[in-house]
Amino acid sequence: MSSNNHTPSPLVELLRRYSVLIILIGIAAIFALGSEKFLTASNLLNIALQTSIIAIVAMGMTFTILTAGIDLSVGSVMALSGALAAGLAVRQELGTYTAITLALAGGGLLGLINGLLIVKGKMPPFVATLAMLAVARGLTLVYTDGRPISGIDERFIFLGNGEVLGVPLPVIFMILAFIIAFIVLRYTRFGMYVYATGGNEEISRLAGIQTARITVGVYVISGLTAALGGILLAARLWSAQPNAAAGWELDAIAAPVLGGISLFGGVGSVTGTVMGAFILGILSNGLNLMGVQSFYQQIIKGVVLILAVMLDLFTKRRR
Amino acid sequence: MSETTPILRMSGISKSFPGVKALQEVHFEVARGEIHALVGENGAGKSTLMKILTGAYRPDSGQIAWHGRPVTIASPSDSQTLGISMIHQELSLLPYLTVGQNIFLGREPQGRLPGFINWQALYAQAQELLERLSLDVKPRAEARELSIAQQQMVEVAKALSLQADLIAMDEPTSSLTDVETEVLFTMMRALKAQGVAIVFISHRLEEVFEITDRVTVLRDGRHIDTRPTSDLTRDKIVELMVGRELGNIYPYHPTEQRDLVLEVSDLCDGRELKNVSFQLHGGEILGIAGLIGAGRTALAETLFGIRPATGGHIKLAGQPSKIRSPKQAIQHGLGFVPEDRKQQGLFLNMAVRENITMSGMGLVTNAGFVDNKKANGLAQKFVEKLDVRTPNLRQNIRNLSGGNQQKVIIARWLTLSPRILILDEPTRGVDVGAKAEIHALMRQLAEQGVGVLMISSELPEVLGVSDRILVMHEGRITGELSRDEATQDQIMVAATGGVENVVK
Amino acid sequence: MAAQTSQFRDYLRRYGLMLSFLLLCLALTLLSDRFLTVNNMVNVLRQSTINGIIAIGMTYVILTAGIDLSVGAILALSAVVTADMLQGGTAVPLAILIGLGIGGAMGLINGLIITKAHVPPFVATLGMMTIARGLTLTYTEGRPITGLPDGFRALGTGSVGPVPVPILLAAATFIIGYILLTRTALGQFIFAIGNNPTAARFAGISVNRTITFVYVLAGALSALAGMILIARLDSAQPTAGTAYEFDAIAAVVVGGTSFAGGQGGLGGTLVGVLIIAVLNNGLNLLNVSSFYQPVVTGVVIAVALLLHRALR
């Protein structure tokens with residue numbers, strides 16, 4: 001209807017393409033000026049550590065959002081997987097790695113159920129995963145009897161607190177998850193079909209793509225990354241808490257949204273998600289360093305989320 | 001053409017949906033290297049037949065023979081494997097994927113590792129295809145950056161890449177301008193020369209005569225006739241389609257023109273409209289012709305307050321007005337039947353009554369409360385007046401045919417007795433019978449003193465219905481023609497930027 | 001025959017939810033002799049008032065194809081401000097009005113961010129949720145405000161005749177909400193916008209104003225629920241209302257309102273609220289650990305939705 005020949009000005013185009021990075025650098029610059037402790041190697045590593053778990057979960061979330069879906073159950077799945085890993089290791093004495101493998105599989109299974117509810121039950125992702133949010137949290141409470149499970153062994157604890165060549169293990173997991181997610185989305189058929197399914201499921205199906213499998217696949221991925229995040233969280237805290245990660249789904253959604261991934265599907269990259277997660281991480285680290293009360297931090301976080309999305313929309317509309 | 005077995009023979013095809021026999025014992029044959037028109041009113045069964053051919057539906061009974069051999073087509077991928085490809089009416093490109101990704105969607109070349117895609121090979125193949133069609137489109141461009149015509153051509157490229165022996169095109173020209181249509185036709189002729197068979201579905205009979213070799217007519221789910229195009233006349237096709245003689249499709253009775261209802265001077269919207277000036281009289285049907293992107297829809301939307309004007313003046317019945325929203329436009333006596341019925345006009349999950357009364361809610365409410373008796377009365381009155389074919393007012397609008405849906409939207413405006421009615425492509429996707437009724441209705445409104453502004457990409461419609469014709473090109477009015485002097489050629493000259501008859 | 005089955009489906013579609021609710025009640029009556037008593041019934045109703053009132057606003061929002069994640073946080077913010085004013089000696093009616101006004105104002109901000117800045121409702125209200133919770137914590141410095149005047153506490157604990165005030169308030173809210181939605185032009189506009197926002201605008205409906213209205217309504221009703229909550233507890237916790245948005249959304253979904261907008265209504269929401277409340281009550285009566293409650297709620301959401309789908 002409207003002609004498509006508006007050439008965007010180079011500045012707007014630059015802003016559009018790199019808006020997330022610009023926000024990230026801008027915020028970091030403000031803190032670097034505000035606190036001399038901010039730009040030190042140890043603090044930066046600290047930020048990476050603080051960000052790593054939510055970034056891992058957010059990367060799985062990214063897959064669901066790219067298909068125009070959402071996974072509200074990640075916080076609960078984190079708690080349940082953490083509890084399972086700890087419980088199987090401590091109570092059933094299955095051995096740390098067996099327990100962790102089973103817990104990861106459990107997260108994948110919950111993701112599979114999410115996917116099947118959405119594909120076979122034709123439920124909106126929001127509702128299916130909202131139901132799973134409740135169910136998985138309830139199962140966690142039942143399994144833990146409402147009490148933390150502690151007594152996990154050193155190997156388990158090492159996953160959350162250990163270092164390799166001075167880099168904390170959760171950060172290494174985050175980097176690995178990023179590399180895998182990046183390659184999958186950019187170079188594989190599955191990744192391509194994730195974008196296609198999110199862009200328009202009907203068209204994709206007509207092109208012979210088995211969109212149902214793609215959809216189930218992304219929720220399994222989200223379940224797996226949530227499980228990994230939950231296990232790392234339990235390891236970091238030396239115990240699995242029944243209320244662990246309550247409400248984390250919102251941060252895991254905020255990160256991709258800040259990273260410019262459209263909730264309508266089909267647009268965005270996992271690089272954006274990681275930058276989004278770091279925006280959140282840098283915000284809370286920097287505000288802490290500047291002595292801002294944690295209550296105010298929430299307010300600032302909310303404002304940044306809305307402003308970032310507004311900026312993103314603004315630059316996109318300018319095309 | 002009859003020397004070899006047909007490439008496709010569908011025989012005795014029947015298909016029922018709950019309550020409807022969509023197809024009954026339909027026979028359909030296409031020869032190699034033939035362009036075959038499939039025509040019929042909406043609901044005649046054209047799309048059902050094509051959906052069976054492309055595997056979206058399974059027939060209840062009947063056989064399909066492909067190159068003379070019986071085949072079963074159970075899914076879209078079955079039909080693709082056979083070499084059957086379909087270009088749908090709604091464009092099926094993914095806007096955020098590149099042209100290359102779109103062309104090879106679902107069939108990406110395998111990379112070195114399983115599951116990986118060989119992007120280099122994909123883009124090289126895409127480039128080759130685009131060059132073969134002499135399309136000036138970059139394979140790495142995102143689909144949303146292309147014009148509608150370019151997207152249409154990419155669809156053709158996609159069909160070609162499937163090595164299709166038969167391409168079915170469902171109303172491929174409905175969103176193309178005449179120039180773009182010609183480009184498509186050139187390409188179709190080239191394909192035909194290569195032995196590709198094309199099924200061409202169109203409501204535009206002029207195009208059927210221009211491009212096709214044979215015509216198959218469906219009516220009410222039955223096969224009526226198949227004949228060489230050269231044996232047919234336009235009137236004959238219409239008669240076969242509707243089962244009765246329609247007479248002249250564009251009967252014309254001029255109406256007495258009254259006072260000016262609308263004066264537009266130097267209207268701009270900062271993007272597409274550049275100093276548009278014109279006048280509209282009560283009792284007049286003013287046609288607006290032009291290519292897609294010429295700014296016709298922008299003009300309608302600016303007049304109706306959907307997009308802001310950045311300069312110029314609008315006078316309604318002599319009074320200067322500043323309209324900033326559709327709501328204000330309605331208060332000033334304007335009505336607007338938008339181009340895209342489903343996206344911009346209908347409330348698809350709501351009943352006929354709600355769809356009719358939505359803009360005139362003030363007429364059927366007391367202090368904000370809906371008076372059911374009034375609402376039913378008003379809706380019923382217009383259902384009868386416009387002969388909307390619906391079982392009752394509670395019927396979901398979704399279940400009505402395109403023509404009846406369009407009548408409901410027109411009825412919505414008529415409840416408000418507008419002084420100016422703007423119609424953007426009022427008969428797109430509407431069958432021949434309803435089309436004539438809508439034209440008659442526009443004339444009737446003009447007779448009542450309404451100023452009617454009709455945007456249409458169908459030149460015969462513009463020429464047949466309008467009292468006066470404006471032609472737009474790149475946001476400007478480049479021609480004004482009276483009914484008597486207007487010809488297709490003159491309109492095309494002005495629409496492509498020619499200088500004849502330039503206003504001012 | 002075909003007509004008969006479709007009639008049966010129609011019947012199920014219309015009354016299936018009510019039927020399931022009645023079956024649930026019947027089962028609980030058989031399983032526990034404490035279920036079908038006046039006391040317990042009043043108890044169930046009282047427990048559903050807060051979720052019920054929030055769910056009414058949420059239904060409006062979801063009908064426009066939106067979502068409001070901030071209702072729980074808005075509840076807390078208006079509750080703590082009201083409590084603080086009451087302790088500072090502000091007259092009860094004024095404090096209530098200001099509390100409701102804060103809820104409405106937060107909703108107004110949601111609405112403006114959504115309609116003017118075109119931020120998707122999910123993101124806008126997620127941001128508002130964080131902001132309102134942060135404001136609440138900042139305002140209270142993380143501490144509860146306890147000890148409210150008796151005149152105010154009547155909102156949560158009083159009764160008119162045999163009927164507790166919260167139930168009256170919820171019933172009145174429901175009736176007004178129901179009439180507004182089904183009998184007025186505004187209600188039609190809300191359905192129209194949920195159906196097709198572009199067509200609604202082209203038809204001359206003030207789309208932005210209507211959408212803003214539903215968020216204001218959702219905010220104000222959250223505030224009202226917050227008043228009842230603190231009046232009953234005699235204390236305003238800064239963490240009050242956490243995750244209430246999910247309960248409200250659950251009730252709306254169980255009630256059959258479509259996430260796509262434009263389809264559904266308050267009748268379903270009412271039954272949805274009651275089903276969830278009765279289930280939780282039943283689990284209590286049957287001495288099932290409260291840990292199972294979220295599991296059951298989750299399963300009910302899924303099953304209800306599958307049934308709605310199957311019948312559609």
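Begin by selecting strand β11 (residues 260–268) of chain B together with strand β12 (residues 276–281) of chain B; the two pair in the antiparallel sense over five bridges. Strands here, of at least two residues (E), and helices, of at least four residues (H or I), are DSSP runs numbered from the N terminus, and two strands pair if DSSP finds at least two bridges between them. This is a predicted model, in which local features need pLDDT of at least 70 and side-chain atom pairs count only at pLDDT 80 or more, while totals for chains, interfaces and linings use all residues. Residues are numbered from 1 along each chain as its sequence is written, and chains are lettered from A and ligands numbered from 1 in the order in which they are written.

**The antiparallel sheet of chain B**

Within the first pair, select Glu263(B), whose bridge partner in β12(B) is Gln279(B). Next add strand β14 (residues 311–316) of chain B, which pairs with β11(B) in the antiparallel sense, again over five bridges. Here Val264(B) stands opposite Ile314(B) of β14(B). Continue to β15(B), which runs antiparallel to β14(B) and is joined to β14(B) by three bridges; Leu316(B) is found opposite Gln319(B) of β15(B).

With all of these displayed, the open sheet of four strands appears in the order β12-β11-β14-β15 (chain B), with antiparallel pairing. Strands β12 and β15 (319–321) of chain B each have a single partner strand and stand at the edges, so one side of each lacks a neighbour in the sheet. On average, neighbouring strands of this sheet are turned by 20° against each other, direction ignored. In a regular strand, side chains alternate between the two faces of the sheet.

**The mixed sheet of chain B**

Now select strand β3 (residues 35–39) and strand β9 (residues 214–219) of chain B, which run parallel and are joined by four bridges. His36(B) has Arg214(B) as its bridge partner in β9(B). These strands belong to an open sheet of six, in the order β6-β7-β8-β3-β9-β10 (chain B), with mixed pairing. At the edges stand β6 (84–87) and β10 (222–228) of chain B, each with a single partner strand, so one side of each is left without a neighbour in the sheet. The twist averages 20° from one strand to the next.

Add helix α1 (residues 46–53) of chain B, which lies across β3, β6, β7 (166–170), β8 (197–201) and β9 of chain B and runs at about 150° to β7(B). Axes are lines fitted to C-alpha atoms, for helices over the stretch in contact, and angles run from 0 to 180 degrees between N-to-C directions.

**The domains of chain B**

Colour chain B by its domain assignment: domain 1 (8–242), domain 2 (256–333 + 419–504) and domain 3 (346–417). These bounds come from an automatic or database domain assignment. The centres of domain 1 and domain 2 of chain B, taken over C-alpha atoms, are separated by 34 Å. Their contact takes 13 residues from domain 1 of chain B and 13 residues from domain 2 of chain B; residues are in contact if their C-beta atoms, placed from the backbone, lie within 7 Å. On the domain 1 side, α6 (178–193) and α8 (234–242) of chain B give two or more residues, and the largest share, three residues, comes from α8(B).

**Between the chains**

Show chain C beside chain B, where 24 residues of chain B are in contact with 19 residues of chain C. On the chain B side, the elements giving two or more residues are α10 (326–331), α11 (341–345) and β18 (369–370) of chain B.

Then turn to chains C and A: 38 residues of chain C are in contact with 37 residues of chain A. On the chain C side, α5 (121–140), α11 (244–254) and α13 (292–311) of chain C each supply at least two residues, and α5(C) gives the most, with 13 residues.

**Confidence**

Finally, colour by pLDDT, the predictor's confidence in each residue, from 0 to 100. Chain C averages 93, with 98% of the residues scoring at least 70; chain B has a mean of 87, and 95% of its residues reach 70 or more. Over residues 500–504 of chain B, pLDDT stays under 50. Where pLDDT is low, the predicted coordinates should not be read in detail. The predictor gives the complex an ipTM of 0.87 and a pTM of 0.87.

Conventions. Two residues are in contact if their C-beta atoms, placed from the backbone, lie within 7 Å.
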